Amino acid sequence: MLFEDILITILKAVDGERTISSPYHLIKGKKSGQTIQDIGYYKLHPYFGVMPKLEKKVYDKAVQKLFEQGFIITDGQVVRMTEASMALQTPVPLLNGWKYRGKEQLFMARLSLIVQSLSQIHQNQRAFDPVVIAEDIQQWVKKYLHKINYRDAESCRNFKTELAVSLSKVDVDAAGKRIVVQRLSGFKIGGLTWEQIAAAERLEVIDIKLQAIETLHAWMDVLETRQFPMMSELLDGVIQQSSLTETARRTEYYFRNGRSLEEIAALRGLKTSTIEDHFVELAMNDPGFDILAFMDGSLYSKIIAVSHSRNTKRLRDIKEAIPEAGYFQIRLALATKGETL
Amino acid sequence: MNLEKTLFDTYGFTSFRPGQKEVIEKILGGQDVIALLPTGMGKSMCYQLPAHLMEGSVLVVSPLLSLMQDQVAQLKKMGEKSVAAINSFLDPAERSNILHNLNTYRFIFISPEMLVQPYIKNKLMGLNISLLVADEAHCISQWGFDFRPDYLRIAEIMPALGHPRVLALTATATAKVTEEIKQYLKLSEPFIYTHPMDRKNIAYDIKKFENGKEKLEWLSTFVAANKGPGIIYAGTRKKSQELSNLLSLSGIRTAFYHGGMEHQDRIFVQQQFQNGELEWVCSTNAFGMGVHIPDIGHVIHFQVPTSIEGYVQEVGRAGRNGDPALATLLYAAGDEDLLANLVLDDLPTNHEIREVYQNEGDPAQLVDQGIVRETSLRVISYWKNHLSEQDTIIQIAQQKNEKIKQSAKIRKLINLESCVREYVLECFDQQLHIKPENCCINDHLNFADFLTHRETVDIQVLDTWESRLNAILPC
């Protein structure tokens, strides 16, 4: 999947309802109420926070290209797709940003250091410059290596076999796997920089980075099946137990203990609007969320019906049709949309 | 005490390198030391060994994060386990863990700005610090080419630490800078060790061109015909990238390196260069620290350096193994304009000084809004605590003058008709006693002794991931 594909997929989903910067916030993983709730409304989970370090100028350049190709146009505040881009087929993403939250970097760092260590040690190099300098990762890898009895040639072979077999099961094309393996290093073999890989693959750096991330996500999905005991171990602490943001989790805790929205805001010293954002996030993530605590069933059905019939998720449009509904209620309802009550 | 035995028992080395033993003896004798040792001459051994012979911890103040990380890595590589690094990049858990166990470490590395944080200062006060090391001590000099105001804070903390012995280390310092180190660190009678700056196996060449195009053509031809490994220093990040892309097109195995790249990529370039996978690295002055490659045969300055000190440090990365190495400085008409810009660019402007002094909120906002540059803010914030706005403006103006003087020295170097080696040494107040046979472009230089014909290499075809994995893990 190329960066352009991501942009088109996201912009298709929010067609005519969001500004041109909404994909940027989503890809960067901005934890604002708006971004979080859009993920639920538009089912954009795969793309959340896939590139936390995405630079605005790189993003702007990619967007500019879409304008120039006639794939998107602006319409007042919002951005719209054109016929040309609606016809485009984008690949199904193997990304899972919402689940992995950038933790693929932790997985990759561990893998890099393990592979480098095994490579050096099994070619009789005792001292070498570690490719990862973060202390906590070094400690983790040290423990891991001892646990797998790393000096044993058999153990090295087993690790390599698990690595190769699990990677071969990953459902991305060969380029994605090649990129990830080019980022590994060992005795007398240096890792390749993003620029070097991009030059060889004749792509932009951002496309290379995205393919690496997608490959890692898909690889971690394979490893989660637990058929590869040595490799699966690398997922230790990588997968978020809950997909809620930390702050929403705290709000949830108070809510479960019987506190009202206003009480939580006061207790936490936050604005009620912020707590509302948290509830929207909860509604989106928790299938068991009790929406009837905030509105009666008929109002909920009405909101969903209007959203469907007018094919819109814009709060203002829905509010116009149902003046008695509050904005917070509309957001909550939309967040659970698709779930039966 | 037999220092050689300790050296062998601890690190497995059979002998000291020049200067190390003298410095170590003075430290153990209780004296403060300023040691001027060229990079690659084992500066760190000067505090490593004493750490094994004295009670308590050695506190190393290191001005640059990347340098600190490299030193910690090198120490660990040599088998030292008891090493901690305190800097602003630690996450809270790591930080609290380190601070909690601070008294158990033999080596504690710290950045100058952390040194004066009250909480950390308190922690340090509870320790028995046997030796305080000011690494890259020339950074303390406001006249130096690499002034870091935070470094002046070392003096502030000395009383709290009970005035431990001090070892000031630097690779480059003029007599003036040495005097300043002495003054700022309040060292009354330090032992000053000065290693001869001259590197006999490095010869100096200066090439002049009518314009930039000719210069570039010369470079392409030169690297296509002659064997590396070598470093090509460029003045800017953009230039380093351009040069690398250009040379790659003609089949040279090269990569660029600069401070704007992500950390992992910088490590990869170092790995490749170390492995001989690259012939040339096109780089800004960011490349060098943490690079331990003995057989670099060439250092080419594609653009004129901004100071003699910087030039000598960069040149000094060549020929660490003692083999003949060539330093080539390229100059094209008009380069001095670029030089002037580069030299003065990193100093705060009067406008920036005013903004920071008049700002009452969070000064970091000024950086976010693009009103003040980050480097400027660092310098001005320091002076704001010590001087009035007017005096800071004067202070910066003086620094500006000094920088102009430094670039005048470079200008003189370019137009030199006499011996380059002698001139460079003169800039460090040293004299040349013995001239090597191959000296410099103005005083005998037989290029044949430095050039090896380059074998062309096939550009690699794209590997499959399986074959690359097999190569990395042939087990």
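Q: When are two residues of different chains said to be in contact, and how many residues does the contact take from chain A and from chain B?
A: Two residues are in contact if their C-beta atoms, placed from the backbone, lie within 7 Å. In this predicted model, the contact takes 33 residues from chain A and 23 residues from chain B.

Q: Which elements give two or more residues to the side of chain A that touches chain B?
A: These are the helices α7 (104-121), α8 (135-147), α9 (153-168), α10 (174-182) and α11 (194-201) of chain A. Sorted by class, that side of chain A has 16 nonpolar, 9 polar and 8 charged residues.

Q: How is chain B divided into domains, and what do they share?
A: Chain B consists of domain 1 (3-194) and domain 2 (202-338 + 410-449), and the contact between them takes 11 residues from domain 1 of chain B and 12 residues from domain 2 of chain B. On the side of domain 1 of chain B that touches domain 2 of chain B, helix α4 (residues 65-77) of chain B gives the most, with 3 residues, while by class this side has 5 nonpolar, 5 polar and 1 charged residues. The C-alpha centres of the two domains of chain B lie 30 Å apart.

Q: How should I read the sheet of chain B: in what order do its strands stand, and which are the edge strands?
A: In chain B, 7 strands form an open sheet with parallel pairing, in the order β3-β4-β2-β5-β6-β1-β7. The edge strands, each pairing on one side only, are β3 (83-86) and β7 (191-194) of chain B, and the twist averages 15° from one strand to the next.

Q: Over how many bridges do strands β2 and β4 of chain B pair?
A: Strand β2 (residues 57-61) and strand β4 (residues 107-110) of chain B pair in the parallel sense over 4 bridges; B:Leu59 has B:Ile108 in β4(B) as its bridge partner.

Conventions:
Residues numbered from 1 in each chain as written. Chains lettered and ligands numbered in written order. Predicted model: local features only at pLDDT ≥ 70, side-chain atom pairs only at ≥ 80, totals over all residues. Domains from an automatic or database assignment. Nonpolar A, V, L, I, M, F, W, Y, C, P; charged D, E, K, R; others polar. Pairing = 2+ DSSP bridges. Axes fitted to C-alpha atoms, helices over the stretch in contact; angles between N-to-C directions.
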